[in-house]
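Biologist: I would like to learn how to read pockets, helices and cavities in a model. Can we take them in turn?

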Amino acid sequence: MSNMSDRRNNELLFPDYILESSWEVCNKVGGIYTVLSTRAQTLQAAHTDKIIFIGPDFWKESESPYFKEDSLLLADWRKKACQEGLPVRVGRWLIPGHPVAVLVDFQPFFALKNEIYGKLWEDFQVDSLHAYGDYDEASMFSYAAGRVVESFYEFLVQGSVALYKPRVIYHGNEWMTGLGLLYVKKNVPEVATVFTTHATSIGRSIAGNNKPLYDYLFAYNGDQMAVELNMQSKHSIEKQTAWNVDCFTTVSNITARECVELLDKTPDVVLPNGFDDSFVPKGADFTKRRRAARQRLIEVASQQTGVNYTDDVLIVSTSGRYEFRNKGIDVFIESMNRLRWSAGMKSQVLAFIEVPGSLNDDRVRGMLCWLGLNNAASDKVHVIVVPSYLTGDDGLLNLPYYDVLIGNDLTIYPSYYEPWGYTPLESIAFKVPCITTDLAGFGLWANEARQQLGYSEIEDGVKVIHRTDYNYDEVADAIRDTVLKYAAFTADERKKARERAFALSKQALWKRFIRYYEHAYDMALRNRDKRLN
């Protein structure tokens, strides 16, 4: 078996195999799916089939649209795993690079739940007594994934040369993989462990419960807040995992500060989220898709409002997971309301809200109704709600997300709580300038990319708005003013903003950011060696 590190910088240790798990492997739920699925191609290109993803197997009654089983892949190990009572399927994740994926059925382990939790408390003092909601399901998957790692490593060792044991990394994402990481730490100490929290569970909960997170971050006690917000079990598994892995990581400096204050643990490495732009259309194909997207957006808006829009209507949008305050959906709506009353707004604006939600009685529609944003023919701003993730079969736009995104003039993501922020990065990769805030990791990164020249402006392709716990009104005004400014741009000024947005996205490609992962792998392996010695 060849050692990958022989082909790398000799100063860095690199694993022979990387096993990485997430609830979102072959399971499209949110931003972590994008993180893993876009990064996979970079690792797969350099280390073919040495990166293996582990995800939950939900697809018993129907065929997964994200996974294709292959009976020839890892056939000998799969046979061994089945003999050990591990119900796994092996195949390819249907994303760029087509990496190996192992889907594990975790349902059989519910029968062992109490025993597993008891051992977890005994070994790591993780409190599972207050579990509710998705804690049990995530934990049983995590345990199953840890068993997969154990089985696979033992299989590798049995087939390895006596004097060389393969270097293996187990990388878990979010608290949902914590139990498995701790299981591996205890039962397979030869495997180096990496844990990435993409957002602390308690930090997200504080923000989501309308408590001021940032001004009082220094004063919050994570354990105490977990009790107050009924988050003891999730917080406990996350904290103990952070303290016990060989390398603890997060995705931005803003979340690193959260980890220090709420988990009492400083991350070892910050792993910013990159992007793979191989699927972004180019040249004439880009122009064709942009035109088609705009036509579809205008057509749907006309169907909803009964108004005929011209081709030069300004199309803006916000999208993502339905976190009304955290994602800034509330301030987006407020800014559109202020925009429609602005005397300086000369052109028509179509504002799309593309978040999964209810068709009636939800907070989005409630706020639109309260503000009187009812798409009156005389209004300059019309708001269209698409209450679904855009997978191509939402029943309204019926286009995949990227085929919709490309048709926008401007995107708006005024997040209050956003550890990184994939949506603005995706936007600029498709040459769509965006508005975000400095409470998003991406917003901070965009400012840093200007090399101490201050806050990024819409002329740079990204407008970064200063946001705090208490300046909601100022943020709404800043969004309104930025849209007014962009609407007044000449065709040449818009073209330059689009080009600068695209150029900035090139600085965030995975080929640039993968080095942070290599540093984390090296640290994990060196810390493993210290443990074993």
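**Pocket, helix, cavity**

Modeller: α9 (253–262), α15 (441–448) and α18 (510–532) each supply at least two residues of the lining of the second largest pocket. Helices here are DSSP runs (H or I, at least four residues), numbered from the N terminus. This is a predicted model: local features need pLDDT of at least 70, side-chain atom pairs count only at pLDDT 80 or more, and totals for chains, interfaces and linings use all residues. Residues are numbered from 1 along each chain as its sequence is written, and side-chain values use heavy atoms, with hydrogens and water left out.

Biologist: What counts as a pocket, and what as a cavity?

Modeller: Both are found on a 1 Å grid over the protein atoms alone. A cavity is a set of points where a 1.4 Å probe fits but cannot get out. A pocket is an open set with protein on both sides within 12 Å along at least five of seven lines. Lining residues have an atom within 4 Å of a point.

Biologist: Which residues lie nearest the centre of the second largest pocket?

Modeller: Pro272, Trp445, Glu448, Phe513 and Tyr516, out of 17 lining residues. The space in this pocket is about 340 Å³, where a volume is the space filled by probe spheres set on the points, joined across faces, edges and corners.

Biologist: Now a helix. Which residues of α3 are buried?

Modeller: First the general idea. An α-helix has 3.6 residues a turn, so residues three or four places apart point the same way. In α3, Ile116, Tyr117, Leu120 and Phe124 are buried (under 20% relative accessible area, 1.4 Å probe, protein chains only). Seen down the axis of α3, these buried residues fall within an arc of 95° (taken from the directions from the axis to the C-beta atoms), so they line one face of the helix.

Biologist: Which residues are on the other side of α3?

Modeller: Asn114, Glu115 and Glu122, which are exposed (over 50%). The cover over the buried residues of α3 includes α4, α5 and α8 (232–244).

Biologist: And the cavity: what lines the largest one?

Modeller: Tyr135, Ser139, Ser142, Trp175, Met176, Gly178, Leu179 and Ile237. Its volume is about 30 Å³. α4 (135–158) and α5 (178–187) each supply at least two of the lining residues. α4 gives the most, with three residues.

Note on methods:
Contact means heavy atoms within 4.5 Å.
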